[in-house]
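The following exercises concern a structure with more than one chain. Each task is followed by a solution that proceeds step by step.

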Amino acid sequence: MTDYDASEFLLLSGIQHFQFCERQWALIHIEQEWEENVLTIEGSHLHEKADDPFIREKRKDVLYVRGLPIHSSKMGLTGICDVVEFHQDENGVPLQGEKGRYLPIPVEYKRGKPKKDQSDILQLVAQAICLEDMLYCPVPSGALYYHEIRRRVEIEITEELKAQVRETAKRMHDYYRRRHTPRVKTGKHCKSCSLRHICLPELLTKESVASYMKRMMAE
Amino acid sequence: MKKLLTTLYITMPDAYLALKGENVSIIKDDESIGRVPLHNLEGICTFGRQGASPALMAACIERDIAITFLTTNGRLRGRVIGPSNGNVVLRKTQYRISDDEKKSAEIARHFLVGKLYNSKWTLERMTRDHGLRIDVEKFKKTSTYLTESMNQLMSIDDLEILRGVEGNAASAYFSLMDDMILQQKEDFFFKGRNRRPPLDNVNALLSLIYTLLATDVGAALEAVGLDAYVGFLHRDRPGRMSLALDMMEELRSVCADRFVLSLINKKQVQASDFVKKESGAVLMTDEARKKIFELWHNKKDEKITHPFLKEKISWGLVPHAQAMLLARFLRGDLDAYPAFFWK
């Protein structure tokens, strides 16, 4: 398979939406609908600090880089890592302007607490794949920092998870190429969706318009 | 469903609108004479000559507040639209269908079925509420005719024939407009539609309310990412919001005509609210307009149950709901466009 051209890249953060609801992802990324709600506003506020690309700190053997732009042309995804920690490690790679060898560990900041679904984990894994593709080095682990519980959860980047991310990226590109907004199952998750007013999930389970027109006209 | 916010109407011809913090500041003779917070606004309609500051326009674009500029007589001069509704795919689908007469007719048909249904029930409501004052038999006869025309529409897929059936039905309905005026008959009568300029009080009222409705429908269409200027029933004409006029067909009788009739029948407007110019044109006084906007606003706050969505929404959100349903059909979520039926 040939690599994606930069103009075809999709947003890596979309993996999260896609995992939550494929329709929500399509509404945001294909149809360009966006509605801010409390959750997204809080999220972006939290990110302001983590995302500042001009903060670069070094403590002991670890270099902290914030707001690092990343991409993978193989997956056709592009995005920004909140924080990447470069740990000095003999198995690592040399970095421009630094002595020694380093291994990157992506850290993603999340409002709230660990979720039941895999959306956060897959986003992190996608970041890890990007870093591997860009730096030509293994990225065996990453971390999710949850603001609400103020705790960091270490995640092992397994081959299985990576395969799942690649498969997801492929599906996203397939929908995008077809400009297709899927009709997917509605459920409890619709209640917390910021696009509820645009998606109108109830609409997907309604009677057909043909039968509605017929019924009303007969009255 | 989203919440209905307020529309700010500026009727003072000399008012200038500016941004002051998070507010619209209304300025007259270099002095601020009022302020309205942006956060509870849905739209701004100004009948002034002076316009608005670029900073205010930018703030409104950011917040999805539609600014509409009208002449002091209520003719549309223009609207400010932001780049946020950037769904090219949806609009291209709309254009493709608009170029295809057969497919256009399928949507146009539903607009018109809605129009005749709602006109019919406007007449039926009249016989129920004012049976003693009107010629019920005449009303029933026209109502039956409207039902027949409506059913006929469903099997027509040619725009010209659709327009023909609709035209006859519309004139049958309008022939009863004068019968529905039950008060102040010497000052308010209806002998037929005229405009640019309207030549009698009733036509002046209809023109104003149709403009307000078209503005609302146009803004609703743009807000869901559709192009208000590219229609299915109304063909393209430079500067005409054809799609807004298409979608308005369903709402004319229930939203506009009934509102105008109630203004007259409840004596909320009087002969003194109108001025007849030498040319025969009828103008409305500023105070009259102000009064009418307020009543129009109250009307928009009234709640109904949307027949297809089965959700309680305010009248003011009906254009938004219909615009969204049309977009949903164009995107392939619905099998057709569900007309708005009122009873």
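**Exercise 1.** Determine which residues B:Ile292 is in contact with, leaving aside its neighbours within four places in sequence, and place this residue in its core.

*Solution.* Step 1: contact means heavy atoms within 4.5 Å. With neighbours within four places in sequence left aside, B:Ile292 is in contact with B:Leu205, B:Leu208, B:Ile209, B:Phe259, B:Leu263, B:Val269 and B:Met284. This is a predicted model, in which local features need pLDDT of at least 70, side-chain atom pairs count only at pLDDT 80 or more, and totals for chains, interfaces and linings use all residues. Residues are numbered from 1 along each chain as its sequence is written, chains are lettered from A and ligands numbered from 1 in the order in which they are written, and side-chain values use heavy atoms, with hydrogens and water left out.

Step 2: a nonpolar core is a set of buried Ala, Val, Leu, Ile, Met, Phe, Trp, Tyr and Cys residues joined through side-chain atoms within 4.5 Å; buried means under 20% relative accessible area, exposed over 50%, and partly exposed in between (1.4 Å probe, protein chains only). The largest such core has 105 residues, and B:Ile292 is among those with the most contacts inside it, together with B:Ile107, B:Leu205, B:Leu221, B:Leu226, B:Leu326 and B:Phe341.

Step 3: helix 6 (residues 201–223) of chain B supplies the largest share of this core, 13 residues. Helices (H or I, at least four residues) and strands (E, at least two) are DSSP runs, numbered from the N terminus. Another core, of 31 residues, lies apart from the largest one and includes A:Leu77, A:Val125, A:Ala126 and A:Leu131. In soluble globular proteins, nonpolar side chains tend to be buried together.

**Exercise 2.** Describe how helix 3 and helix 8 of chain B cross, and which residues make the contact.

*Solution.* Step 1: the axes of helix 3 (residues 101–130) and helix 8 (residues 252–265) of chain B come within 8 Å and cross at roughly 40 degrees. Axes are lines fitted to C-alpha atoms, for helices over the stretch in contact, and angles run from 0 to 180 degrees between N-to-C directions.

Step 2: helix 3 and helix 8 of chain B are therefore oblique to each other (angles under 35 degrees count as roughly parallel, over 145 as roughly antiparallel, 65 to 115 as roughly perpendicular and the rest as oblique).

Step 3: helix 3 of chain B contributes B:Lys115, B:Asn118, B:Ser119, B:Thr122 and B:Arg125, while helix 8 of chain B contributes B:Arg252, B:Ser253, B:Val254 and B:Arg258. One of these residues is nonpolar, four are polar and four are charged (Ala, Val, Leu, Ile, Met, Phe, Trp, Tyr, Cys and Pro count as nonpolar, Asp, Glu, Lys and Arg as charged, and the others, Gly among them, as polar).

**Exercise 3.** State the strand order of the four-stranded open sheet of chain B and locate B:Thr46.

*Solution.* Step 1: the order is 1-5-6-7, with mixed pairing; two strands pair if DSSP finds at least two bridges between them.

Step 2: strand 1 (6–10) and strand 7 (76–80) of chain B each have a single partner strand, so one side of each is left without a neighbour in the sheet. Neighbouring strands of this sheet are turned by 15 degrees against each other on average, direction ignored.

Step 3: strand 6 (residues 66–70) and strand 7 of chain B run antiparallel and are joined by four bridges. B:Phe69 has B:Gly78 of strand 7 of chain B as its bridge partner.

Step 4: B:Thr46 lies in strand 5 (residues 41–46) of chain B and is buried, at 1% relative accessible area. Not counting residues up to four places away in sequence, B:Thr46 touches B:Ile10, B:Leu17, B:Thr68, B:Phe69 and B:Leu70.

**Exercise 4.** Characterise the three-stranded open sheet of chain B.

*Solution.* Step 1: its order is 2-3-4 and its pairing antiparallel. Strand 2 (16–20) and strand 4 (31–37) of chain B are the edge strands, each pairing on one side only.

Step 2: six bridges join strand 3 (residues 23–28) to strand 4 of chain B, where B:Ile26 stands opposite B:Gly34.

Step 3: helix 1 (residues 54–62) of chain B lies across strand 2 and strand 3, at about 65 degrees to strand 2 of chain B.
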